[in-house]
Every structure is written in structure tokens, then in C-alpha cells.
Amino acid sequence: MGASNEKDNTLKYFAMKNESASRRDFLLTALLAGAAAGCSSPYNPFESDTTGPASGEKVKLLSVDGEIIEVDRAFLKPVPDLPAVSNKEARLGIPGKKFVMVIDLSRCKSVRKCQSACNHMHHIHSGQNWIKVYPMQDAEHTAPYWQPTTCMHCDEPPCVKVCPVDATFKRQDGIVLIDSDRCIGCRFCMAACPYSTRVFNWESPDTVTEEMSQQPYSCESSMPQKKGTVGKCDFCPDMTRQGELPHCVSACPNGVFFFGDMNQDTVTNGAETFRFSELVKDKAGYRLMEDLGTKPSVYYLPPVNRNFPFESGLEKDSTGHPIKQIN
Ligand code: SF4
Ligand code: SF4
């Protein structure tokens with residue numbers, strides 16, 4: 001298998017983001033990369049007020065040509081936050097991308113940081129989870145293991161086919177989303193999903209911040225969830241649009257989740273980057289319920305040569321209390 005830290009240029013910003021201190025730094029460097037490579041944007045970060053003496057501190061950037069370049073930090077200057085995308089853009093998705101996830105079951109010990117980060121960042125109502133972590137055992141004499149389960153972002157999604165009001169849809173970048181402004185709560189999609197990944201919002205979220213309530217709803221951020229509609233894992237499209245990893249990927253301390261772009265054949269967990277095709281071939285990756293023809297965008301690596309015994313940290317949390325399993 002070929003670890004491709006040197007050669008792969010895709011998603012380098014994810015790795016660089018991990019090294020940098022803030023999201024603003026990341027946005028700044030990503031945008032500068034475009035400008036430095038001859039982007040036609042009228043914004044020029046090298047303009048007059050940034051041409052002072054060099055600091056000597058180099059920042060690595062990814063150019064639009066996929067080259068890693070180094071620029072002196074003194075030549076960077078702040079840029080405004082990216083504008084919110086329109087509903088039309090949110091429904092279309094990001095051109096040229098085909099997002100894919102790889103979940104390495106050999107690394108999972110059910111710490112559930114993925115779940116808590118997802119719940120927290122999406123303000124999901126307590127008692128609900130978009131990521132489920134199932135205890136699995138394939139046969140009587142085989143070893144048990146943990147299986148985190150997200151929306152599979154199927155390329156042939158049954159949920160989309162049954163929605164009567166076009167509230168759930170598939171984008172060109174492969175992500176399946178729900179527009180809560182359109183959803184009428186009929187739950188046809190829940191019945192159609194063979195992976196039981198969708199949840200019904202019986203209640204409004206427990207916490208809706210004032211800032212959140214004042215922002216126009218975007219199906220790209222899925223917030224706030226609305227009472228009487230359906231929710232599910234969305235691959236954090238607002239994060240991916242900014243070149244950042246989904247919350248579950250960043251939160252997992254064991255590097256279980258890899259995320260990336262199939263078109264550029266690269267996936268990363270933030271610390272390690274692989275060719276997607278080599279990773280799933282070399283480690284015998286597979287998808288769930290392949291025979292249904294749903295063509296999931298989520299691949300699993302089998303739970304062989306496990307990093308942790310199945311029991312580790314499962315029955316009790318860090319305070320010694322039994323872990324309540326909510327799936
Ligand atoms: S519950 Fe909402 S998203 Fe699901 S099928 Fe009905 S209208 Fe569509
Ligand atoms: S896993 Fe279920 S909800 Fe997600 S795209 Fe596939 S059918 Fe739809």
C-alpha cells in the first residue's frame with residue numbers, strides 16, 4: 001500500500017489545517033494559494049500593505065495546480081469569511097468532487113468521539129445520533145468488533161427515489177442531503193433506507209444559539225434541525241466546501257475515519273493520507289449490503305489485526321459508569 005504524503009496534492013490542506021492554529025489561518029492560506037498561482041480573483045494578497053519585510057517564517061500552501069509552495073507569513077493578509085452558499089449551490093454541490101469515506105474497523109474501540117462531535121456540532125436533539133456505533137459479530141465463532149455507521153451517501157439512493165417533494169436529493173459531489181424547508185415529515189425516506197441511518201426529529205434541538213437562529217437556513221449546514229422533519233449524517237458539506245474534514249474524522253483519536261475525493265484518489269484522516277484505490281484494494285475494503293445496488297460512498301476496512309481488544313473501554317466510560325448504548 002502506498003502512503004502518499006509526498007506525492008498526493010489533494011486534501012493537503014486538510015493535513016495542513018491540522019498543523020495550523022485556526023480555521024481563519026486555513027481559509028487565508030487556501031485562498032492565498034489560489035491567488036499565488038495566478039487565480040483571476042481581483043483580490044491580491046501581495047498588494048502594497050503586505051510588502052513589508054519578510055518574517056522568515058514560511059507557510060506551506062497548496063496551489064491550484066496541486067503544487068506545494070512556500071510563502072513568507074508576512075505576505076499573508078486576512079480575508080473575509082467565505083460567503084454562505086445559495087440554496088441552488090447547496091443543492092448542486094461542489095463541481096469536480098466525488099466525496100468518499102473509508103472506515104477502518106481494525107482501529108475502532110467505540111470511544112464514540114465521532115458521535116459526540118457530530119451531535120455537538122450539528123446540535124442534534126439529545127437521544128438522537130446521526131452516527132451509530134454497532135457491536136457486530138458476523139458468525140458464532142468469529143470475533144466481535146465495533147462498526148461506526150454513517151449515511152452511506154449512496155450513488156443509487158433509495159431514499160431520494162421515494163421522497164415525494166424533492167426534499168432529499170443527491171448532489172454532483174456525491175453527497176445526499178435533506179432540505180428541511182421542503183421536508184414534510186412523511187418518513188418515506190426512513191422506510192426506504194436499508195442502512196437505518198435516518199432519524200425523525202420529534203423535537204426541536206435542545207440548544208439553538210441566537211446566532212444560529214438568526215442565520216438563514218441552509219441545507220448545507222443542516223442547522224437548526226426542524227421539528228417534524230428527518231435528519232441524517234450529511235458528510236459535513238459546509239466543512240468540505242472550505243477544505244476541512246468532517247467533524248467525525250477530526251474528532252476520532254484513533255484515526256478510524258478517512259475522508260477524501262475519489263476523483264483525486266486520495267483520502268486522509270488528518271494525520272495519514274493514502275491513495276483511496278490502493279487503500280481499499282490492499283486492505284480488502286468492502287461496502288455494506290453491496291447486493292442491494294445502492295452503491296454506497298462509504299467503504300469499510302475489515303476488523304483484522306485489531307489495534308484494541310473488543311472490550312476496551314466499552315462497558316464503562318471514563319468515570320466508571322456503564323455506557324448507555326443509544327443507536
Ligand atoms: S420525510 Fe422529508 S425527506 Fe423523507 S421522504 Fe418525506 S418529505 Fe422527503
Ligand atoms: S444510506 Fe440511506 S439515507 Fe443515506 S443515501 Fe443511502 S439510502 Fe439514503
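Ala, Val, Leu, Ile, Met, Phe, Trp, Tyr, Cys and Pro count as nonpolar, Asp, Glu, Lys and Arg as charged, and the others, Gly among them, as polar. Keep that handy for the ligand stops. What you have open is a predicted model, where local features need pLDDT of at least 70 and side-chain atom pairs count only at pLDDT 80 or more, while totals for chains, interfaces and linings use all residues. Residues are numbered from 1 along each chain as its sequence is written, chains are lettered from A and ligands numbered from 1 in the order in which they are written, and side-chain values use heavy atoms, with hydrogens and water left out.

**Stop 1: the whole protein**

Start with the cartoon view. You should find 10 helices and 13 strands; these are DSSP runs numbered from the N terminus, with helices being H or I of at least four residues and strands E of at least two. Of the 327 residues, 47% are buried (under 20% relative accessible area; exposed is over 50%, and partly exposed lies in between, using a 1.4 Å probe and protein chains only). Now switch on the surface: about 16100 Å² is exposed, and carbon and sulfur atoms supply 53% of that. The areas come from the Shrake-Rupley method with a 1.4 Å probe, and for residues only the protein chains shown count as cover.

**Stop 2: the two ligands**

Select ligand 1. There are 13 residues around it, and the closest are Cys 163, Cys 183, Cys 186, Arg 187 and Cys 189; to be near, a residue needs a heavy atom within 4 Å. Sort that shell by class and you get 10 nonpolar, 2 polar and 1 charged.

Hop over to ligand 2. Its surroundings hold 14 residues, with Cys 151, Cys 154, Cys 159, Cys 193 and Arg 198 nearest. Here the classes come to 10 nonpolar, 2 polar and 2 charged.

**Stop 3: helix 4**

Select residues 113-122, which make up helix 4. Which residues of helix 4 are buried? Look for Cys 114, Gln 115, Ala 117, Cys 118, Asn 119 and His 122. An α-helix has 3.6 residues a turn, so residues three or four places apart point the same way. Show the cover too: strand 4 (132-136), helix 9 (247-251) and strand 10 (257-261) are included in what lies over those buried residues, through contacts (heavy atoms within 4.5 Å). Just after helix 4 comes His 123, with a positive phi near 55°.

**Stop 4: salt bridges**

Side chains of opposite charge can pair when their charged atoms come close. The count here is 13 salt bridges, each a side-chain nitrogen of Lys or Arg within 4 Å of a carboxyl oxygen of Asp or Glu.

Pick Asp 261 and Lys 97, which form a salt bridge at 3.5 Å, N to O. Asp 261 belongs to strand 10 and Lys 97 to the loop between helix 3 (87-92) and strand 3 (99-104), so this pair ties together parts 164 residues apart in sequence. Asp 261 is buried, at 1% relative accessible area.

Next, select Lys 226 and Asp 181, whose salt bridge spans 2.2 Å, N to O. Lys 226 sits in the loop between helix 7 (210-214) and strand 9 (230-231), Asp 181 in the loop between strand 7 (176-178) and helix 6 (188-192), 45 residues apart. Buried or exposed: what is Asp 181? Asp 181 is exposed, at 52% relative accessibility, while Lys 226 is partly exposed at 25%.

Finish with Asp 173 and Arg 171, bridged at 2.6 Å between the closest N and O atoms and both buried. Add Glu 220 and Arg 241 to see a network of salt bridges linking them with Arg 171 and Asp 173.
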